[in-house]
Amino acid sequence: MEKEKEKEEKEEDELKATGAEALTDGRSGLRIRGWVIESFNRPILSSSAVHLWEQNIGTSHLPEMVFGESSLLLSHADSGIKIHFSAFDALKGWKHERLPPVEVPAAAKWKFRSKPFQQVILDYDYTFTTPYCGSETIEPNSKKNGTDTNLEDGSCCLQWEDCKEQIDLVALASKEPILFYDEVVLYEDELADNGVSLLTVKVRVMPSCWFLLLRFWLRVDGVLMRLRDTRMYCAFGSDNREKPIILRESCWREATFQELSAKGFPSDSAAYGDPNLINQRLSIIMHKTQKLKVPASPIR
């Protein structure tokens with residue numbers, strides 16, 4: 001116990017030296033340079049909650065495991081910006097995109113049956129591929145933010161604009177200490193033992209910036225792999241009241257097993273368990289970098 005206490009005190013001193021402060025009351029996250037960054041890891045939805053979600057999203061299909069109360073939240077007090085990541089918003093994006101179902105090998109279709117002799121009709125995107133890149137709002141205390149708001153719900157629309165600036169991944173690979181790190185799983189489905197569909201978000205906070213990766217990873221065994229990555233980066237300014245500069249890079253990749261085999265890569269699904277090791281083998285479908293258009297800071 002004494003050693004644990006000393007360790008906690010040492011970590012607290014290290015945070016204070018960088019101007020950061022750990023969240024209290026059992027919360028996971030920290031305060032730093034005007035930001036509050038907090039993660040929530042909760043159990044999967046109950047059956048009653050799943051039914052309610054299906055009604056609200058307008059579907060009778062959801063992933064096997066939906067971590068509906070899990071999320072990542074980043075809020076900036078001075079500008080009122082809130083950026084958050086949730087399974088509900090991601091699945092709304094899936095429903096809206098309505099991709100055609102990926103063809104499953106005939107020999108594996110029986111795995112999708114919930115009852116013996118059931119006819120399998122895959123007439124929806126059972127991979128739960130989502131275009132979701134995160135959610136962003138302005139806190140309801142709108143007048144101080146110096147921007148127009150929606151009077152009905154007190155929210156304000158934030159916009160992402162295409163830009164030429166790039167996230168400096170080389171700088172992020174430096175030996176700067178990591179003050180906070182967490183990974184949040186939003187939903188997962190094993191596609192009836194035909195692969196994996198997984199949406200996660202990871203965040204790390206350093207003394208000079210925060211960085212996160214929202215990743216949708218899909219592997220339909222013997223058929224297709226798809227990777228949709230969204231990276232966000234924000235460097236801390238010298239003044240907490242400065243408008244934060246937030247960059248977002250979106251990159252979508254995919255390839256069929258047939259295409260990879262034609263290039264001389266393995267055709268065995270077991271060779272593709274880790275997207276970090278094979279992402280460069282997948283063809284780029286879409287790539288863009290954007291900057292968040294931030295409202296003016298309040299007048300003091």
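**Exercise 1. Find what sits over the ring of W252, and how far from the ring centre it lies.**

Solution. In this predicted model, the charged end of R228 sits over the ring of W252, at 3.7 Å from the centre of that ring.

**Exercise 2. Describe the aromatic pair of W53 and F88, and decide for each residue whether it is buried, partly exposed or exposed.**

Solution. Begin with the total, which is five aromatic pairs in the structure. In the pair formed by W53 and F88, the ring centres are 5.1 Å apart and the planes make 85 degrees, an edge-to-face arrangement, since an angle over 60 degrees counts as edge-to-face. Next, place the two residues in the chain: W53 belongs to helix 2 (residues 47-57) and F88 to helix 3 (residues 87-97), so that the pair links distant parts of the chain, 35 residues apart. Finally, turn to accessibility, where W53 has a relative accessible area of 10% and is therefore buried, whereas F88, at 22%, counts as partly exposed.

**Exercise 3. Work out which parts of the chain the pair of F257 and Y272 ties together.**

Solution. The geometry comes before the location: F257 and Y272 are edge-to-face, with 5.6 Å from centre to centre and 85 degrees between the planes. Because F257 lies in helix 5 (residues 257-262) and Y272 in the loop between helix 5 and helix 6 (275-278), the pair ties together parts that are 15 residues apart in sequence. Both F257 and Y272 are buried.

**Exercise 4. Determine which strands stand at the edges of the open sheet of eight strands, and what packs on this sheet.**

Solution. Write down the strand order, which is 4-9-10-11-12-13-14-8 with antiparallel pairing. Strand 4 (65-66) and strand 8 (159-162) each have a single partner strand, so they stand at the edges and one side of each is left without a neighbour in the sheet. Within the sheet, strand 12 (residues 224-235) and strand 13 (residues 246-256) run antiparallel and are joined by eleven bridges, and T230 stands opposite S250 in strand 13. Helix 3 packs on the sheet, where it touches strand 4, strand 9 (180-189), strand 10 (195-206), strand 12 and strand 13, and its direction makes about 45 degrees with that of strand 9.

**Exercise 5. Identify the residues that touch the most other members of the largest nonpolar core, and the strand that gives the most to it.**

Solution. The largest nonpolar core has 53 residues, of which F85 and W210 touch the most other members. Strand 11 (residues 209-220) gives the most to this core, namely six residues. Leaving aside neighbours within four places in sequence, the contacts of W210 include W35, L74, M232 and I246. Another core, of ten residues, lies apart from the largest one, and among its members are M225, L227, A255 and Y272.

Definitions and conventions. Residues numbered from 1 in each chain as written. Predicted model: local features only at pLDDT ≥ 70, side-chain atom pairs only at ≥ 80, totals over all residues. Heavy atoms only, no water. Phe/Tyr/Trp six-rings, centres within 6.5 Å; stacked < 30°, edge-to-face > 60°. Helix = DSSP H or I, 4+ residues; strand = E, 2+ residues; numbered from the N terminus. Buried < 20%, exposed > 50% of the residue type's maximum accessible area, 1.4 Å probe, protein only. Lys NZ or Arg CZ within 6 Å of the ring centre and 35° of its normal. Pairing = 2+ DSSP bridges. Contact = heavy atoms within 4.5 Å. Axes fitted to C-alpha atoms, helices over the stretch in contact; angles between N-to-C directions. Core = buried A, V, L, I, M, F, W, Y, C linked by side-chain atoms within 4.5 Å.
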